[in-house]
Amino acid sequence: MNNNINNNKNTGDNYQQQIINYLNQFLSNIVALTIKMYNYHWNIVGPHFFTLHSKFEEYYKKSTDMFDIIAERIKQLDGFPITTISGFSSNIGLREAESKNYTANEVIRSTIGDFKYIHRMGSDIASYAASIGDGVTSGLIGNFLQYLEKQLWMLEASIK
Ligand SMILES: [Fe+2]
């Protein structure tokens, strides 16, 4: 498990509490990602505006879906998903972006970095869940990882 997951929140060998904490960290970073995708949806400028405006709409919808899926998984595990801005804020590792004009190259490169960050964190949690026999959690995250990998391939191809 790498540094993307904050191990300080572990409570001994209580798997349920550990996975809930990891999922809440993931949830918080998905909130940050969603807002960033809105930012680029609104603030993209230049000749690729229409394509990227639509693409980032797809991305914030996908991450909003994931937000609900992760929160509901936390409920199934008898936990409480974070619901406060301050709670999310203390868990966010994803770099935030100010509201200003962005070129196509800027938003694509930034999103590649963000998707890789989220992918790494998701992979760590999915591996942890699988190692402990929680195939449902690892499967839910795995579906999202598949989506991210496909988008990473396309985003990288678009700037070659
Ligand atoms: Fe919109």
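This section describes the overall fold, the aromatic pairs and two residue environments of a predicted model.

The secondary structure of the protein chain consists of five helices and zero strands, and from the N terminus on the order of elements is α-α-α-α-α. The radius of gyration is 16 Å, close to the 15 Å that the globule rule gives for 160 residues, so the chain is as compact as a globular protein of that length. Along the principal axes, the C-alpha trace spans about 55 × 30 × 25 Å. Of the 160 residues, 48% count as buried. Among contacts between residues at least 6 apart in sequence, 79% join residues at least 24 apart.

With respect to the surface, the protein chain exposes about 8,400 Å², of which carbon and sulfur atoms supply 53%. The chain carries 14 positive and 15 negative charges, and the mean positions of these two sets are 6 Å apart.

Aromatic rings were examined next. A pair of aromatic rings is described by the distance of the centres and the angle of the planes. A search of the whole structure finds twelve aromatic pairs. One of these is formed by Tyr38 and Tyr60, which are stacked, with 3.7 Å from centre to centre and 15° between the planes. Tyr38 belongs to helix 1 and Tyr60 to helix 2, so this pair ties together parts that are 22 residues apart in sequence. The two partners can also be described by their accessibility: Tyr38 counts as partly exposed, at 27% relative accessibility, whereas Tyr60 is buried, with a relative accessible area of 10%. For Tyr60 the assignment follows because buried means under 20% relative accessible area.

A further pair is that of Tyr40 and Phe56, whose ring centres are 5.6 Å apart and whose planes stand at 85°, so the arrangement is edge-to-face. This pair links distant parts of the chain, with Tyr40 in helix 1 and Phe56 in helix 2, 16 residues apart. Both Tyr40 and Phe56 are buried. Tyr40 and Phe56 also belong to a cluster linked by ring pairs, together with Tyr59, Tyr102, Phe115 and Tyr147.

Two members of this cluster, Phe56 and Tyr102, recur in the description of Ile44. Ile44 is placed in the loop between helix 1 (15–43) and helix 2 (49–76). The relative accessible area of Ile44 is 2%, so this residue is buried. In sequence, Ile44 and Phe56 are twelve residues apart, and their C-alpha atoms are separated by 9.5 Å in space. When residues up to four places away in sequence are not counted, Ile44 touches Phe49, Leu52, His53, Tyr102, Thr103, Ala104 and Val107. The cluster residue Tyr102 is thus in the contact list of this loop residue.

Another cluster member, Phe115, appears in the surroundings of Leu152. Leu152 is located in helix 5 (residues 135–158). At 10% relative accessibility, Leu152 counts as buried. Leu152 and Phe115 lie 37 residues apart along the chain, while their C-alpha atoms are separated by 7.2 Å. Leaving aside neighbours within four places in sequence, Leu152 is in contact with Ile112, Phe115 and Lys116.

Technical notes. Residues numbered from 1 in each chain as written. Predicted model: local features only at pLDDT ≥ 70, side-chain atom pairs only at ≥ 80, totals over all residues. Heavy atoms only, no water. Helix = DSSP H or I, 4+ residues; strand = E, 2+ residues; numbered from the N terminus. Buried < 20%, exposed > 50% of the residue type's maximum accessible area, 1.4 Å probe, protein only. Contact = heavy atoms within 4.5 Å. Rg over C-alpha atoms; globule rule 2.2 N^0.38 Å. Areas by Shrake-Rupley, 256 points an atom, 1.4 Å probe, with all protein chains shown as cover. Lys, Arg positive; Asp, Glu negative; His and termini not counted. Charge placed at Lys NZ, Arg CZ, Asp CG, Glu CD. Phe/Tyr/Trp six-rings, centres within 6.5 Å; stacked < 30°, edge-to-face > 60°.
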